[in-house]
Amino acid sequence: MERMAQKIAKDQFRSVFKTVDKDLLQWFPGHMGKGLKQMQQKLRSVDCVIEVHDARIPLSGRNTDFKYTISGVKPHILVLNKVDLIERKMQARIIDKLKSEHEHILFTKCKNQSCAGVKQLFPLAQELIRRSNRYNRQNEDDYNLMFIGVPNVGKSSLINALRVLHLHKGKATAVGSNPGVTRSVLQRIKLSNSPLFYMLDTPGILTPNIQNVEMGLKLALCATIQDHLVGETIICDYLLFWLNHHGYFNYQNYFQMDKPSDNILEVLAHISKSYNKFLRIRTPLNEYMLKPHFEAAANIMLKAFRDGSLGKYMLDESLL
């Protein structure tokens with residue numbers, strides 16, 4: 001009955017997400033191009049490339065050029081982080097989709113130091129390097145791992161977790177909730193004394209060719225770009241569309257709404273009222289009135305999605 005009710009409700013909502021803003025695809029900041037060149041210059045000193053991406057968007061937004069411009073013939077491991085934010089059953093489907101392109105895929109929750117994927121990463125990198133031809137680094141006694149990926153997927157957090165796990169030391173690289181914290185290739189960060197391993201953190205590099213607005217909005221929804229570049233209300237509108245389109249209505253219960261809605265302003269007005277988020281506006285008659293604070297409400301809705309409060313969703317499920 002519940003699935004039937006969801007299907008009936010789903011059929012009442014938009015089947016296509018439309019936006020009039022054609023500038024949403026112009027998201028390739030200049031520092032990213034500079035960072036890519038820095039990474040290429042460091043490649044000769046790298047023994048293994050670790051690509052980190054968000055498990056909620058295992059296909060969308062991945063910079064496929066990395067395989068050619070950065071990894072080349074170096075051993076390559078794909079780490080899909082924030083795995084706690086998707087349903088476990090999705091992991092097998094993701095691996096099945098990507099196995100022809102990536103032989104080595106790990107799922108991590110890097111803020112959990114008991115995470116199995118975090119524990120497997122360093123031994124796997126060591127084994128791949130041992131089996132590889134190190135070319136110009138054959139006579140070097142130290143080993144370097146380069147961490148690459150789009151912004152805000154957890155590269156720096158993963159580096160810090162590995163450092164604590166294997167070197168028993170604290171954070172060595174800055175971590176922030178906003179994308180773009182790591183602006184340049186940093187100095188080597190020690191991972192292990194014996195054998196001597198170092199890690200290179202790198203700036204987040206978006207794919208230079210975002211194929212469509214929906215892909216870009218998935219990236220925005222997962223906070224790989226700063227919210228204000230797209231607009232919090234637009235991002236929330238896409239989230240609402242996606243949830244309704246796939247028949248996921250947990251937001252109705254979470255925000256204590258009477259029924260699901262296809263109107264983002266209606267949803268944000270409800271959140272604004274529930275959380276007492278209003279703007280005090282002066283009228284032409286020099287009186288004051290309260291109006292919903294849509295931006296504040298949008299931030300509440302985005303946070304609820306990003307921390308998993310609205311449920312565990314893999315945004316690329318229709319692409320698998």
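**View 1. Cys48 is buried, at 0% relative accessibility.** Here, buried stands for under 20% relative accessible area, exposed for over 50%, and partly exposed for what lies in between, with a 1.4 Å probe and protein chains only. A word on the model before we go on: it is predicted, so local features need pLDDT of at least 70 and side-chain atom pairs count only at pLDDT 80 or more, while totals for chains, interfaces and linings use all residues. Residues are numbered from 1 along each chain as its sequence is written, and side-chain values use heavy atoms, with hydrogens and water left out. Cys48 belongs to a strand that is mostly covered: in strand 1, seven of the seven residues are buried. Helices (H or I, at least four residues) and strands (E, at least two) are DSSP runs, numbered from the N terminus. In a regular strand the side chains alternate between the two faces of the sheet. In strand 1, Cys48, Ile50, Val52 and Asp54 point one way, whereas Val49, Glu51 and His53 point the other way, and all of them are buried.

**View 2. Strand 1 has parallel partners in strand 4 and strand 2.** Two strands pair if DSSP finds at least two bridges between them. Strand 1 and strand 4 are joined by four bridges, and Cys48 faces Leu145 of strand 4. With strand 2, the count is six bridges; one place to look is Ile50, whose bridge partner there is Ile77.

**View 3. An open sheet of six strands follows the order 3-2-1-4-6-5, with mixed pairing.** At its edges are strand 3 (105-108) and strand 5 (189-192), each pairing on one side only. On average, neighbouring strands of the sheet are turned by 30 degrees against each other, direction ignored. Axes are lines fitted to C-alpha atoms, for helices over the stretch in contact, and angles run from 0 to 180 degrees between N-to-C directions. Strand 5 pairs with strand 6 (residues 197-200) in the antiparallel sense, over three bridges. There, Ser192 stands opposite Phe197 in strand 6.

**View 4. Helix 4 and helix 6 meet strands of the sheet.** Helix 4 (residues 89-98) lies across strand 2 (76-81) and strand 3, and it runs at about 150 degrees to strand 3. Helix 6 (residues 155-167) packs on the sheet and touches strand 1 (48-54), strand 2, strand 4 (143-148), strand 5 and strand 6. The direction of helix 6 makes about 45 degrees with that of strand 5. Contact means heavy atoms within 4.5 Å.

**View 5. Cys110 has no disulfide partner, because the closest cysteine sulfur is too far for a bond.** That closest sulfur is in Cys115, 8.1 Å from the sulfur of Cys110. A disulfide is a pair of cysteine sulfur atoms within 2.5 Å, and a search of the whole structure finds zero. Cys110 is buried, with a relative accessible area of 6%.

**View 6. The annotated "binding site" includes Asn152 and Gly204.** The annotation comes from an unreviewed UniProt entry, and it also covers Asn81, Lys82, Val83, Asp84, Val153, Gly154, Lys155, Ser156 and Ser157. UniProt positions are given in the numbering used here, feature names are shortened, and annotations may be inferred rather than shown by experiment. Asn152 sits in the loop between strand 4 and helix 6 and counts as buried at 18% relative accessibility. Gly204 is found in the loop between strand 6 and helix 7 (213-221); at 8%, Gly204 is buried too.

**View 7. Lys312 lies 4.9 Å from Leu85, C-alpha to C-alpha, although the two are 227 residues apart in sequence.** Lys312 is in the segment after helix 12 (294-306) and is partly exposed, at 46% relative accessibility. Leaving aside neighbours within four places in sequence, Lys312 is in contact with Asp84, Leu85, Ile86 and Glu87. The side chain of Lys312 reaches the backbone oxygen of Asp84 at 3.5 Å. A polar contact is a pair of N or O atoms within 3.5 Å; within protein, one must be able to donate a hydrogen and the other to accept it, and residues adjacent in sequence count only if both atoms are side-chain atoms.

**View 8. Gln252 sits in helix 10 (residues 250-254).** Gln252 counts as buried, at 18% relative accessibility. A polar atom of the side chain of Gln252 lies 3.1 Å from the backbone oxygen of Asp258. Beyond neighbours within four places in sequence, the contacts of Gln252 are Met257, Asp258, Lys259 and Pro260.
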